[in-house]
Amino acid sequence: MKHTYKITGMTCTGCKTNVEDALNNLKKITKVEANLKEEIVVVEMTSHVSLEDMQETLLKAGLHYTITDKENEKSSCCNSREEEKTSCCSSGKNSDKPNRFLKPIRSQDGNGIFYCPMHCEDDKTYTSQVGCPVCGMDLVEQPKLVQTIQYTCPMHPEVIKDEMGSCPICGMDLVPMEPSESEEDKTYQKLLSKMKIATLFTVPIFIIAMGELIPGNPFAKIMPQHSWNWVQLILSLPVVFYACWMFFERAWKSIVTMNLNMFTLIGIGTGIAWLFSIVAMFFPDVFPDQFKTEAGTVYVYFEATTVILTLVLLGQLLEARAHSQTSGAIKELLKLAPTEATLVTPEGDKTISIHNIKKGDLLRVKPGGKIPVDGKITEGHSNIDESMITGEPIPVDKTVNDNVSSGTINGTKSFVMSAEKVGSETLLSQIIQMVNNASRSRAPIQKLADKISKYFVPIVIAVAIITFFAWYIFGPEEDKMVFGFVNAIAVLIIACPCALGLATPMSVMVGVGKGALNGVLIKNAEALENLNKVDILITDKTGTITEGKPSVEKVVNTKGENDDDLLQIIASLNKYSEHPLAEAIVKKAEKLEMSLSDSDNFEAVMGKGVTGTIEGKDVAIGNKKLMIQIGVTVPSEIDKNVIEEQKQGKTVSYISVNEKVVGYVCITDAIKETSKEAIATLQKHGVEVIMLTGDNARTAKSVADELNLANFQAECLPEDKLKVIKELQAKGKVVAMAGDGINDAPALAQSDVGIAMGTGTDVAIESSEVTLVKGDLMGIVKATNLGTKVMRNIKQNLFFAFIYNILGVPIAAGLLYPIFGWLLSPMIAAAAMAFSSFSVIVNSLRLRNVDLD
């Protein structure tokens with residue numbers, strides 16, 4: 001039999017070949033033909049092979065494509081399009097064919113595909129956590145873009161099901177499985193354990209080595225220096241051969257592949273220093289007297305080796321911590337999507353997995369529940385909190401034939417909906433996809449230290465080799481080999497990039513701490529660098545420029561006067577309503593300490609307003625449609641005033657008492673007190689500010705006029721904001737984006753610097769590089785000042801990191817020996833290297849005292 005399936009994710013002929021080879025391994029399949037252009041695969045089989053089996057075969061081969069039934073295109077697995085696109089050839093380069101018998105290392109939050117955080121080979125991905133072959137960095141696991149929940153039996157953990165039910169062994173109800181630890185968290189915990197071990201053994205080595213600097217040299221009174229050297233050797237073994245052995249592996253790999261990097265110098269420098277110390281202990285007589293202590297022992301450098309390795313390990317630990325948060329925004333977005341839904345059937349309601357929902361299914365959404373997929377209401381009505389999608393705080397009234405979106409939250413009523421868009425078609429899934437794509441599409445900025453190391457490493461190695469042969473050829477006849485060897489080591493030790501490795505992270509760590517004390521949370525060093533270059537700030541309105549909370553501005557009677565009596569009446573009517581506008585009215589009355597009356601015959605008219613009886617009076621509050629429905633005529637003067645208020649972007653409701661319009665209430669979202677000052681300051685510093693909002697044009701213009709904003713755009717969807725940012729970036733602009741809602745997440749991820757309000761959603765915060773704890777735009781001014789000062793500090797640190805190398809390397813090589821007879825002992829070289837690091841640390845600490853205002 002022959003069957004045609006749809007397959008997505010193939011990008012080249014290599015992908016096509018891999019699919020055919022993998023599926024041909026199934027016994028029942030006799031022939032496979034994949035069509036790259038049409039995205040189909042034709043399978044001939046002796047008997048039926050399920051989609052699940054074929055999908056599992058692809059996954060086991062390390063191929064994350066999605067195969068579906070072409071007839072109904074229902075996905076047979078939960079892989080999203082981002083997972084589909086990752087393959088052996090996703091980078092467009094030739095790469096090794098994945099081992100089809102190798103199952104990718106996978107956590108429940110990840111998809112088993114890894115990438116280099118520095119994007120050394122563009123978008124190339126890997127099937128195991130083996131480290132980048134170019135820069136040596138730990139690889140980061142891609143998040144799984146669609147989450148599934150599996151169920152297991154508390155008594156029989158070997159029982160695992162995709163749906164709720166009972167255990168087939170003991171009959172107990174199955175419970176959700178706990179999510180496994182992500183690969184990044186595992187890496188962090190592993191490095192943390194090694195860091196503790198390295199510190200435990202390095203500290204005593206350092207103390208012993210510095211014993212001669214302690215008054216009275218107490219260690220010499222306990223036992224001779226030669227014995228202390230043995231103690232240092234033994235203590236160094238766990239640091240070198242366990243905690244930090246991976247650096248030597250990376251150094252070796254960098255040499256073999258000729259991708260010289262920071263680990264090359266670290267491995268060579270510390271390795272030579274350690275081996276030098278071993279030779280010095282076992283064969284001290286081969287060294288000239290100038291390299292020996294008063295006790296006759298040769299200086300050893302176990303402390304230099306272990307201290308450098310431990311500091312480098314600390315840097316790797318901090319990197320791992322940052323990587324564990326890389327996919328946080330996507331994970332927060334995934335939490336919005338429910339994993340189950342209530343299916344309405346002739347036999348009654350049934351709980352099903354969200355992945356089993358088909359188009360046209362009738363689903364019941366209970367009060368407070370999350371809407372599982374996109375669709376239309378077919379029965380009932382409710383108000384729905386769509387703030388996670390639109391960013392607007394006021395719930396929207398929905399009734400029959402109105403559209404609802406996945407991930408939004410139902411209010412206090414139950415309704416039935418028809419599923420129209422499922423899986424990756426839903427609006428929430430598209431936002432998740434946009435966030436993921438934006439996060440991965442940003443061109444990576446190579447760290448300045450790594451750029452310098454690219455040229456610095458081979459130059460230093462070349463200088464060390466030249467030093468050895470120069471001394472071997474021109475040095476003193478009796479000791480030319482020893483002089484050449486010792487001076488070559490001195491070159492490598494003084495050039496070992498300890499200070500270079502500290503230059504950026506020390507400034508960043510202190511700068512990030514300074515920012516935190518000022519309410520500015522910085523996620524990474526790239527954000528600090530880009531804050532110094534920002535040309536344009538894109539800002540959302542609601543919750544960013546404004547408070548994001550509806551409040552009553554005024555209650556006006558027919559005479560155009562503020563009327564507290566009317567406020568008391570409408571507050572009494574809305575006392576038991578849960579609508580946000582009603583809550584704003586009641587909150588205003590409570591602030592004025594008003595006494596509210598009881599209401600009778602309360603009724604909420606969907607999409608129009610509310611009616612009821614207060615102290616015998618028929619009261620109604622709502623829009624013009626409600627006034628028409630109850631037969632009340634709106635006076636032209638009041639109607640004119642209401643239109644003027646609406647032009648200013650305010651929400652206005654008419655107030656009727658005993659079938660007569662007696663006034664109206666204006667509800668507004670106030671602009672934050674500091675927004676105008678912050679925007680004016682940024683404009684003064686040459687930053688153009690543009691407001692993009694999902695609100696209506698009248699409100700947007702009103703806010704823009706008040707803040708003197710020349711550029712704004714209203715009624716923006718998430719993709720519109722993303723499009724604007726991409727267009728500006730295409731023109732060479734460095735764009736910062738400030739927002740607070742889930743709808744801002746794609747734009748925050750795409751921007752060069754994403755700035756989230758701390759008062760906003762977790763997703764916005766996770767998608768951004770900068771978070772303003774107080775939700776205050778003045779924090780952006782502080783953040784830009786911080787970025788400028790930190791980048792200046794980093795450049796100063798790089799100067800301190802290299803000045804000792806520039807001056808010390810020629811001396812260590814013996815350039816001054818023919819003239820002055822000066823040689824640089826490896827011990828002095830180590831001291832210079834340490835002082836270089838000390839200079840970097842002290843300079844970085846100056847950032848604690850800078851003024852960000």
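Counting disulfides in this predicted model, by the rule that a pair of cysteine sulfur atoms must lie within 2.5 Å, gives a total of zero. A disulfide is a covalent bond between the sulfur atoms of two cysteines. Two of the cysteines can nevertheless be placed with respect to the surface: Cys-244 has a relative accessibility of 0% and therefore counts as buried, the limit being under 20%, and Cys-666, also at 0% relative accessibility, counts as buried on the same ground.

For the chain as a whole, the secondary structure consists of 28 helices and 32 strands. The protein chain has 853 residues, of which 51% are buried, while the area that the chain exposes comes to about 39,500 Å², with carbon and sulfur atoms supplying 55% of that area. When contacts between residues at least 6 apart in sequence are considered, 65% of them join residues that are at least 24 apart.

A helix pair offers a first local view. Helix 6, which covers residues 225–243, packs with helix 7, which covers residues 245–257, at an angle of about 50°, and their axes are 4 Å apart. Because this angle falls outside the ranges for roughly parallel (under 35 degrees), roughly perpendicular (65 to 115) and roughly antiparallel (over 145), the two helices are classed as oblique to each other. The contact is made by Val-239, Val-240, Phe-241, Tyr-242 and Ala-243 on the side of helix 6, which meet Trp-245, Met-246 and Phe-248 of helix 7. Sorted by residue class, the residues of this contact comprise eight nonpolar ones, with no polar and no charged residues among them.

Two single residues can be followed in the same way. Asp-69 belongs to strand 4, which spans residues 66–69, and its relative accessibility of 17% is under the 20% limit, so Asp-69 counts as buried. Although 65 residues separate Asp-69 from Thr-4 in sequence, the C-alpha atoms of these two residues are 7.6 Å apart in space.

Leu-709, by contrast in setting, is found in the loop that runs between helix 22 (697–706) and strand 29 (711–713). With a relative accessible area of 5%, Leu-709 is under the 20% limit and is therefore buried. Leaving aside residues up to four places away in sequence, Leu-709 touches Ile-545, Ile-679, Gln-683, Val-689, Met-691 and Ala-704. For one of these, Ile-679, which is 30 residues from Leu-709 along the chain, the separation between the C-alpha atoms is 8.6 Å.

How values were computed. Residues are numbered from 1 along each chain as its sequence is written. This is a predicted model: local features need pLDDT of at least 70, side-chain atom pairs count only at pLDDT 80 or more; totals for chains, interfaces and linings use all residues. Side-chain values use heavy atoms; hydrogens and water are left out. Axes are lines fitted to C-alpha atoms, for helices over the stretch in contact, and angles run from 0 to 180 degrees between N-to-C directions. Contact means heavy atoms within 4.5 Å. Ala, Val, Leu, Ile, Met, Phe, Trp, Tyr, Cys and Pro count as nonpolar, Asp, Glu, Lys and Arg as charged, and the others, Gly among them, as polar. Buried means under 20% relative accessible area, exposed over 50%, partly exposed in between (1.4 Å probe, protein chains only). Accessible areas come from the Shrake-Rupley method with a 1.4 Å probe; for residues, only the protein chains shown count as cover.
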